[in-house]
Amino acid sequence: MSCFPCFGGGKGKEDGEADTTEAAAPPSNMTPPPAVQAPDAYSAAPAAALAAVASPKPGGANNADQSSADEASLRQAITAQAFAFRELAAATDHFTPYNLVGEGGFFRVYKGKLEKSEQTVAIKQLDKHGFQDNKAFLNGVAMLSQLHHENLVDIVGYCADGDQRLLVYESVPAGTLEDHLFADLSDGNKPMDWCTRMKVAHGAAQGLEYLHDKASPPVVYGEFKASHILLDENLTPKLSDFGLAQLGQAGGNMPVASPMMGSFGCCAPEYDRSGQATMKSDVYSFGVVLVQLISGRRAVDTSKPVAEQNVVTWAMPMFKDQKRYHELVDPLIKTEYPAKALNQVVAMAAMCLQEEDSVRPLMADVVMTLGFLTSMPPDPPAPAAPPAAAEPKKEKGLDHSDSSSESSDDEGDEEEEEEEEEEEAEEQ
């Protein structure tokens, strides 16, 4: 799936995110990956809304009345603004192609400006066929509207007019992490320095920790990658597009068991095999992004030799030898990084990328480690070599030779003058 700056479904997609499969915990002293369940139609909507949604009664009229009451209760539980379709059409100049800034498997993203507030927003128009059940969509939006964190893209509002399904997000102006890591330096852009990379890693980890540990119910991201990390004008990272695939699957006929296009190279092995995302598969994907921040490499780059095309495969041999950690560092950074911090960041990335999901760390542990490392400045540059000492003897010798030459020339001139005077005297 293509992902674009400022248009991520930041906060909200996650509602239905959890998988319905509970894996048995392997025999280990480590914490097994949490099993997160995604009930049908995002049943995790706020309790107040669910309490108002009674079981439908037999009879067509009763069912219709009950469905209307359910939808009304869900709309009341949504804290985001409800927009009419005509408002969003006007904001995007009727969804004209020049305002199209991105698209994915079942949505298109448009840049827009709301007429009443004059706020610039990103409007995600979802595939109508992905949401046959309006209640499922509203339940998902209710969940998204409850999620607020500095490192998540905020949802502004939604539209559920007729068969139209749209999500409105805040605009994040500075592009994606991918844009900055792989910027064209010939245009005068400067590479991201070490401290900025660690700031981005720490902020992204905090956003992911919020979804795993502080959101209620917990949210599995599912498609965490560099192109889903947006940066604001202060280069503060904001996560986007989490849970969007599950939002579509909750009420429509979208395929469930397949990672989204563009995610290969970022997904955990078990996610690639089953299509079922867990918190620990999110941790693996975070490890991939962490290696990208260290190395400045794409997750998959077919322009490189076969053995180096997958960034994880390329990095694995260096994970095993601390003396080789420096080989992982982006050449654009040169030596402008703290060696101790590099050792700890690489060790953390290696832990996140463990093949066995149960031994990967929790995001809370990752946040704690990266928070400490962001305060470490780069090592001071090595002192410059002193200039070569002058060779006084050689200089003296040269001076002496010069003075000797000058003396010899003076003496020669005096002798010639004397000879000329003698000749003049003889002539007289």
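Select Phe95 to begin, in the loop that runs between α3 (85–91) and β2 (100–103). This is a predicted model, and in it the phi of Phe95 is near 55 degrees, a positive value in a residue other than glycine. Phe95 counts as buried because its relative accessible area, 14%, falls under 20%.

Next, move to Glu118, which is found in the loop between β3 (107–113) and β4 (120–126). Glu118 is not a glycine either, and yet it has a positive phi of about 60 degrees. Is Glu118 buried or exposed? With a relative accessible area of 55%, Glu118 is exposed.

Now show the chain as a cartoon, where you will find 13 helices and eight strands. Of the 428 residues of the chain, 47% count as buried. If you consider contacts between residues at least 6 apart in sequence, 68% of them join residues at least 24 apart.

Select helix α4, residues 134–144, which is mostly covered, with 10 of its 11 residues buried. Among the buried residues of α4 are Asn134, Phe137, Asn139, Gly140, Ala142 and Leu144.

**The largest nonpolar core**

In soluble globular proteins, nonpolar side chains tend to be buried together. To look at such a set here, select Leu177, Leu211, Phe224, Ile229, Leu239, Phe286 and Phe319, which are the residues with the most contacts inside the largest nonpolar core, a set of 66 residues. At least two residues of this core are supplied by each of α5 (177–181), α6 (194–214), β7 (229–231), α9 (279–295), α10 (311–319), α11 (339–352) and α12 (363–373). The largest share, 10 residues, comes from α9.

Keep Phe224 selected and display what surrounds it: leaving aside residues up to four places away in sequence, Phe224 touches Ala204, Leu208, Ile229, Leu239, Cys266, Ser285, Phe286 and Val289. Apart from this core lies another, of 20 residues, and you can locate it by selecting Leu74, Phe137, Ala142 and Val153, which are among its members.

From there, go to the loop between α6 and β7, where Pro217 has its place. The peptide bond that joins Ser216 and Pro217 is cis, with omega at about 5 degrees.

**Helices against helices**

Two packed helices are described by the angle between their axes and the distance between the axes. Select α9 and α11 together, and you will see them pack at an angle of about 145 degrees with their axes 8 Å apart, in a crossing that is left-handed. On the α9 side the residues that meet α11 are Val283, Tyr284, Phe286, Gly287, Leu290, Val291 and Ile294, and those they meet in α11 are Leu342, Val345, Val346, Met348, Ala349 and Cys352. Sorted by class, this contact of α9 with α11 has 12 nonpolar residues, one polar and no charged ones.

Pause at Leu342, which has its place in helix α11 and counts as buried at 3% relative accessibility. Which residues does Leu342 touch, not counting residues up to four places away in sequence? Leu342 touches Trp194, Ile294, Tyr325, His326, Val329 and Tyr337. Leu342 and Val329 are 13 residues apart in sequence, and their C-alpha atoms are 8.5 Å apart in space.

Then keep α11 and add α12: these two helices pack at an angle of about 165 degrees, with their axes 10 Å apart. That angle makes α11 roughly antiparallel to α12, and α11 passes α12 in a left-handed crossing. The contact is made by Ala341, Gln344, Val345, Met348 and Cys352 of α11, together with Asp365, Val366, Thr369, Leu370, Phe372 and Leu373 of α12. By class, the residues of the contact of α11 with α12 divide into eight nonpolar, two polar and one charged.

**A last stop**

Finish at Arg297, which lies in the loop between α9 and α10. Is Arg297 buried or exposed? At 16% relative accessibility, Arg297 counts as buried. Display its surroundings, again not counting residues up to four places away in sequence, and you will find that Arg297 touches Phe182, Gln292, Lys304, Glu308, Val311 and Trp314. Of the residues just listed, Phe182 is 115 residues from Arg297 in sequence, while the two are 8.1 Å apart in space, C-alpha to C-alpha.

Notes
Residues are numbered from 1 along each chain as its sequence is written. This is a predicted model: local features need pLDDT of at least 70, side-chain atom pairs count only at pLDDT 80 or more; totals for chains, interfaces and linings use all residues. Side-chain values use heavy atoms; hydrogens and water are left out. A nonpolar core is a set of buried Ala, Val, Leu, Ile, Met, Phe, Trp, Tyr and Cys residues joined through side-chain atoms within 4.5 Å. Buried means under 20% relative accessible area, exposed over 50%, partly exposed in between (1.4 Å probe, protein chains only). Helices (H or I, at least four residues) and strands (E, at least two) are DSSP runs, numbered from the N terminus. Contact means heavy atoms within 4.5 Å. Axes are lines fitted to C-alpha atoms, for helices over the stretch in contact, and angles run from 0 to 180 degrees between N-to-C directions. Angles under 35 degrees count as roughly parallel, over 145 as roughly antiparallel, 65 to 115 as roughly perpendicular and the rest as oblique. A crossing is left-handed if the near helix is turned anticlockwise from the far one by less than a right angle, and right-handed if clockwise. Ala, Val, Leu, Ile, Met, Phe, Trp, Tyr, Cys and Pro count as nonpolar, Asp, Glu, Lys and Arg as charged, and the others, Gly among them, as polar.
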